[in-house]
Amino acid sequence: GEMLAETVAFVTRERARLAEEAARQAAAAEEVEEGGTQPAVIAPSAPNPLLFGKTPLQYLLSRLQQVKAFELPHALSLLAMDQAASLLQLLHALLRAQQQRGQGQEAHLLGEQAEPVAVPIELVSKVCILALQLHGGSLAHHPTLVPLMEELRSGLRTEIRRHMDTIGFNMACLRFVQRKIEADHAVRFFDLSKRRMHKKGPRPSPAAATK
């Protein structure tokens with residue numbers, strides 16, 4: 001529980017820091033385009049070593065995947081209401097990044113690096129459902145969070161439907177390959193049987209064998 005709360009707070013801070021840095025760089029670039037004076041070069045800050053080379057969203061996923069399935073409900077129940085809200089906002093960002101990636105757009109959000117974020121939809125769905133079951137009553141009393149929960153529901157349905165379509169397509173391909181292998185094997189087995197019979201000749205009938 002404490003690990004999850006610390007992770008949510010850390011990732012939220014990192015995203016805010018990167019968003020602020022991106023906003024400064026965008027403002028400086030806009031000033032140059034408008035013919036203003038050349039501003040001082042804003043060098044990007046060094047990556048946080050605590051992220052272990054990951055983006056904040058990738059780091060969040062890696063930490064969620066470290067939580068054992070039977071420990072996840074207890075870990076989520078220990079989150080305060082504001083921490084649960086922050087977690088849902090981060091999961092919403094993950095879904096948006098995944099949808100942008102699926103549409104061929106840049107898989108990044110404000111303050112997020114441009115690397116695509118592969119989202120394990122089963123894990124994200126489970127965390128969202130458990131968080132809403134445990135904290136939904138408190139979260140629903142905040143009008144600003146209601147649209148977020150609606151977008152989460154819509155985004156999860158879209159991603160689950162997309163994964164089901166992918167699984168269905170893959171299963172159809174596997175069935176086609178299986179039928180082709182079975183058909184090829186049957187033809188080869190039939191040809192081999194004919195060759196063996198031709199070499200050995202016809203078997204004698206039981207009546208002839210008794211004579």
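Is Glu150 buried, partly exposed or exposed? Glu150 counts as partly exposed, because its relative accessibility is 40%. The legends below return to this residue after an overview of the predicted model.

**Figure 1. The whole chain is built from helices, with 7 helices and 0 strands.** Welcome to the predicted model. Read along the sequence, the pattern is α-α-α-α-α-α-α. Of the 211 residues in the protein, 31% are buried. The protein exposes about 14300 Å², and carbon and sulfur atoms supply 60% of that area. Take the contacts between residues with a separation of 6 or more: 75% of them join residues 24 or more positions apart. The count of salt bridges comes to 4, and the count of disulfides comes to 0. Some of those salt bridges appear in the close-ups that follow.

**Figure 2. Glu14 and Arg17 meet in a salt bridge within helix H1.** Helix H1 covers residues 2-33, and Glu14 lies in it. Arg17 lies in H1 as well, 3 residues from Glu14, or about one turn of the helix. Their side chains meet at 2.7 Å, N to O. The pair is also listed as a polar contact between side chains, at 2.7 Å. How exposed are the two partners? Glu14 counts as buried, because its relative accessibility is 6% and the cut-off for buried is under 20%. Arg17 has a relative accessible area of 27%, so it is partly exposed. Setting aside residues up to four places away in sequence, Glu14 touches Asn48, Leu51 and Pro56.

**Figure 3. Asn48 sits in the loop between H1 and helix H2.** Helix H2 spans 56-66, and the loop holding Asn48 comes between H1 and this helix. With a relative accessibility of 18%, Asn48 falls under the 20% cut-off and therefore counts as buried. Its side chain reaches the backbone nitrogen of Leu50 at 2.9 Å. Which residues does Asn48 contact, leaving aside its neighbours within four places in sequence? They are Phe10, Glu14 and Arg17. Both partners of the salt bridge in Figure 2, Glu14 and Arg17, are thus on the contact list of Asn48.

**Figure 4. Glu150 and Arg153 form a salt bridge in helix H6.** Here we come back to the residue of the opening question. The side chains of Glu150 and Arg153 meet at 2.7 Å, N to O. The two residues are separated by about one helical turn, because they are 3 residues apart in H6. Glu150 is partly exposed at 40% relative accessibility, and Arg153 is partly exposed with a relative accessible area of 44%.

**Figure 5. Glu159 and Arg162 form a salt bridge in helix H6.** Their side chains meet at 2.9 Å, N to O. Because they are 3 residues apart in H6, about one helical turn separates Glu159 and Arg162. Is Glu159 buried or exposed? At 3% relative accessibility, Glu159 counts as buried. Arg162 has a relative accessible area of 34% and is partly exposed.

**Figure 6. Gly155 is a buried glycine in helix H6.** Helix H6 takes in residues 146-200, and Gly155 has its place there. Gly155 counts as buried because its relative accessible area is 5%. What does Gly155 touch, not counting residues up to four places away in sequence? The answer is Leu95 and Gln99. For a distance to try in your own viewer, pick the C-alpha atoms of Gly155 and Arg96: they are separated by 7.7 Å, although the residues are 59 apart along the chain.

**Figure 7. Ile167, Met171 and Leu174 make a nonpolar surface patch.** The patch has an area of about 300 Å². Ile167 has its place in helix H6. At 52% relative accessibility, Ile167 counts as exposed, because the cut-off for exposed is over 50%.

**Figure 8. Two cysteines, Cys128 and Cys173, have their accessibility compared.** Cys128 is buried, with a relative accessible area of 1%. Cys173 counts as partly exposed at 33% relative accessibility. With the disulfide count at 0, neither cysteine is part of a disulfide in this predicted model.

Key: Residues are numbered from 1 along each chain as its sequence is written. This is a predicted model: local features need pLDDT of at least 70, side-chain atom pairs count only at pLDDT 80 or more; totals for chains, interfaces and linings use all residues. Side-chain values use heavy atoms; hydrogens and water are left out. Helices (H or I, at least four residues) and strands (E, at least two) are DSSP runs, numbered from the N terminus. Buried means under 20% relative accessible area, exposed over 50%, partly exposed in between (1.4 Å probe, protein chains only). Contact means heavy atoms within 4.5 Å. A disulfide is a pair of cysteine sulfur atoms within 2.5 Å. Patches are made of residues with over 30% relative accessible area and no salt bridge: like charges are joined within 9 Å, nonpolar side chains (Val, Leu, Ile, Met, Phe, Trp, Tyr) within 5 Å. Accessible areas come from the Shrake-Rupley method with a 1.4 Å probe; for residues, only the protein chains shown count as cover. A polar contact is a pair of N or O atoms within 3.5 Å; within protein, one must be able to donate a hydrogen and the other to accept it, and residues adjacent in sequence count only if both atoms are side-chain atoms.
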